[in-house]
Amino acid sequence: MTRRFRSWCLAAAGLLLLAVGPGRAEEPVAPALPVTDVAAEARIANFEAMIDARREVAPPRSSGTPAAPPLGSNSVRSGTDGSPGPGGAITAYGWQPHEGPLTIEDAAHLLNRAVVGPRFEEFQWAVARGLPGTVHDLLTNPPTPAAPGAWATEPVPNQSTWTQAMKDSLDAVYRERQKLLRMWWTRTIATEPASLRETMTLFWHDHFATRMTVVYTPQSMYIQNALLRQHALGNFRTLARAICTDPAMLVMLDGRLNRKQAPNENFSREMLELFTMGEGSGYTQADVSNAARACTGWQTDGISSYLTASRYDTGTKTILGQTGPWGMDDFVRILFEQDATAEYLCGKLYRWFVDDEPAPADIHELAVTLRQNDYEVRPVLEKIFMSEHLVSARLRGSILRDGVDLYAGQARRWHLTGFDPMITNPLWQRNWITNQMNAYGQILMDPPDVSGWPGHRNWINSNTLPNRKRYSVMIVDGRSTQTQPFGFQLDVNAETRRFRDPNDVHLLVDDLALLCFGQKPTQLVHDQLVAELLQGQLPYNWSIDDPDAVPRLQDLYRLAMRLPDYQLK
Amino acid sequence: MQRRDFLARTGGLLATTWGAGSVWWPLTRRALAGESSVTGNKILVMVVLQGGNDGLNTVVPYNDPAYVAKRPVLKLPGAQVLDLDMGTTGLHPSLAPLLPIWNQGRLGIIRDVGYPYMNLSHFRATDIMFSGSSSEDVVSTGWMARWLESLYPGFPEALPAEPMALQQGFSAGLVLNGNRGTTGVVVDNPVTFYNIVNNNYTGGFTDPVSQTPGGEELDYLRSIDQQSFQYAGVIQDAADDGINYVPYPNSKLAGQLAIVAQLIDGQMDTPLYLTAQTGYDTHGSQLQTHADLLSDLAGALAAFVADLDAMGRADDVLVLTVSEFGRRPAENGSAGTDHGTSAPWFLIGQGISGGLIGTSPNLAGLDGSGNLPIQADYRSVYGTILTGWMGTAPSVVNDVLFGSFPSLPFLDVTGVPEAPPVNVTHLFAPTPNPGRGQRVFRFQLGAGGGARLRVFDISGRHVATLSEAYLPAGNHEVRWNPDGLAMGTYIVTLDAGGERRTAKLVVR
């Protein structure tokens, strides 16, 4: 056996340990550790030298509404100190399935919640398919999107003999790839088939929030993104265990620095506080410290993760009342034996998909479903999307669109051919997307900190709202005011022809509203939009074949994008 | 929308008493229109140090053996720090740009600010700090928002003509969430803000929203829309009118404060500005990062104060730096520090009496997690600012802060200052100060014993001994006229019961 083959075997064994997933030990037994692999150690050292020189420190959490406030407390809408909002105590609606067919209004609302940037023909397809068929299709995984390039998984080169100039050159390449990766994900969201998978990938990214500027290595971020996508509609516990030793996460929360000789509690604290049980759910500082010891010893070379025996604390730990020589697998096992974990996650799912003000009983019912299905998320999503509660008219327009919904969702919704922010020459499309990410406060792969994006009303302030309007109308123009044409433009003629009757102004305006607002417009908004389209013309004179139709439609679409209603779904 | 009437600066100028001395200032639109500021022109500028500033390396007990022992790598040696009180406390060397302000008696440092049962989660601690609540309560409104709503009772039905608060540099979060609405605007660049808002405005809304959750969200969107539109013009006008009189260093915080100064010079009637500096969560490799952050902070603050002096608004503006918590005294294994509890907050302003408020951090009395006890409740800082500086009625302030908290002696008062608890040794700021002529030096002894009251110049040379005797517990007073001394700042020290208290004396 050559040395290279042996070290490959050891590496493969190490990876196998990861790939097999959490072992369900019947009794507390210390995990078997791989023999220290010299080649892996060298790669790890090389990797750490690179990132310590280049990356930013993890930023503090910004303030805002809690990622998941204590159950039953008020949300932003109530505005007072813990007492229920003006409507009184929050009603529990339950999850009885919606009976009967889907109207096109139902479909528009449902798909705006499930998919980032749904298209008009998808509303019609859902009506034809019916609710159970639609939900089944939404919960089916489409094919995995191709990686942005071979570079997305290539190992970090050995830089021990490199000059500073060579290292700087690699740094420039990596920083360019960071940008490409963000654009790749934006383009993926804009081109995927209608499915809940990409929405859930975004949800998990917000949940296990990891920042590219902290992680630095683009391969690590791609690998994490692929992991989230792989398990997006899968098993929460499996995903959580994989995230614990994901290379990007080991860098983000200093798991790689956590060793027996100097424990680092950053990861174990956030695992309890943000990723599973949630703050204030009964764990103590002692649990954080003991869990940190269970998580010791892991390191990464940016692509794979390893457990190093000399750094691992084999001692006894007491976590949430259970005592034993716990390692990472056991830490995760114990967390998922706590009721709080399912409650916490289902609270987040509710706030993401349904409404900002959940009733505890409604969350609890979802949590029971999650536990009964051994933490598979599909049954929970199915329950949500099949429910009368979600489909009913009551919740129309109650969720504020996040930034991704605008810069990626609009590209999808309007079938923007020529939309490709990965183009590097010219950079107008990339700049347009990047400017929006900054202006809306949602940079993909760079949540403000490990608690993710606070969301909801935090998206909207006197700075972000005007910018949302400003950038959206540029799609109608096909250009920003300063630069060259983007290379794509909203084809108002083609888009309007997809509607039910492009020659009926009232139906036209209603269909546009279904796309833009996720619901029929109010009478006043309807009239406002019709007036903008007709410009004094009589309704029966309107024809989409009119030579003057395109500029009229452009004015109509711009007005729709400038109305506050556009920000809701 | 009713645009602010553009009342051009008239050919005639009107003398006012803003700033030092008698200056001819142009009429402002606000003065001509007869509007008056609800806070009497007083402005609070808050600088948020995000991440948990390491207080021990900012205001450094550099001769405390416990400090030296706990920080083998991170300790700042005596030779490097900027000494403040001759041997006990020094400032981080990066804060050198603040020394002139310190010597003028315009920098107050409140030590070990915190609250009982401090929360060490960034997220929760920041919410507590901004909501003005206690550790156990979950409050989703900001204390500044509640205060602003008390100042502007007509809000939001009657939107004030100018923004109540203006925020830069970080997302709004709950800090400007009031009970009745969002009490401020987030604006990064006044110049572009106006264009973007106006080009995309679709008009006012007359129809009521539906009584559904969607209706409530639409209502919120409309209110932001309306506020943005109303204030875009106001802010642009103020930015057009105002200028910076001094150059600012090249940092994000300096950029934010430059805009704030410009808007203040442009007479925008906004009592509250919020700015922020990120990066203080120094879990590893702290020394250089912290030094750079404090350097940016001090440079930005020094330029801002110089700008306020030049424009004659120094009397009106109070700057407060806050951070959600401090950091653990013992360093960690990564040449950094983990989350801690209390930390110093800085106050800068003409109206500050200057000096260190509180004693050296009690490194012998750490809690079970190795963290410092608190000396001042953060709500005392807010409360003192609101009642003593802004002139808000104490009953209103108690509502805003959900209770009453003891005042802290950081404001210049020409009357009798707030009494400290009787069993505490305390040296009051001399009065009048700054000033000329005979001064009154009052001090309180917590217990009877030997007490020595002396005056030193800022180089540490002894200038005078005002009192040296065995005295009973309680209040004592000495009168002395320092007029023979060179103009400048002097340090008054009281040594009693093994403790030292200091105060600033400014001779003009």
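**A buried helix in chain A and a domain pair in chain B**

Let's begin in chain A, where the surroundings of helix 17 make a good entry point: the cover over its buried residues includes helix 3 (104–114), helix 5 (131–138), helix 7 (196–207), helix 15 (339–353), helix 16 (360–372) and helix 18 (388–391) of chain A. Keep in mind as you look around that this is a predicted model. Helix 17 of chain A itself spans residues 378–385. The residues lying under that cover are A:Pro379, A:Val380, A:Leu381, A:Ile384 and A:Phe385, which are buried.

Now turn to chain B and its domains. The domain assignment gives domain 1 of chain B as 3–196 + 230–400, so written in two segments, and domain 2 of chain B as 426–507. Taken over C-alpha atoms, the centres of domain 1 and domain 2 of chain B are 30 Å apart.

Where do these domains meet? On one side, 10 residues of domain 1 of chain B make contact with 12 residues of domain 2 of chain B. Between them, about 870 Å² of area is buried, with carbon and sulfur atoms giving 59% of it. If you want to find the main contributors on the domain 1 side, pick out B:Asp85, B:Met86 and B:Asn103: they supply 52% of the area that domain 1 of chain B buries against domain 2, more than any other three residues.

The side of domain 1 of chain B that touches domain 2 has 3 nonpolar, 6 polar and 1 charged residues. Across this interface of chain B there is 1 residue pair in polar contact, while the count of salt bridges between domain 1 and domain 2 is 0.

Technical notes. Residues numbered from 1 in each chain as written. Chains lettered and ligands numbered in written order. Predicted model: local features only at pLDDT ≥ 70, side-chain atom pairs only at ≥ 80, totals over all residues. Heavy atoms only, no water. Contact = heavy atoms within 4.5 Å. Buried area = accessible area lost by both parts, 1.4 Å probe. Salt bridge = Lys/Arg side-chain N within 4 Å of Asp/Glu carboxyl O. Polar contact = N/O pair within 3.5 Å; in protein donor to acceptor, adjacent residues only side chain to side chain. Nonpolar A, V, L, I, M, F, W, Y, C, P; charged D, E, K, R; others polar. Buried < 20%, exposed > 50% of the residue type's maximum accessible area, 1.4 Å probe, protein only. Helix = DSSP H or I, 4+ residues; strand = E, 2+ residues; numbered from the N terminus.
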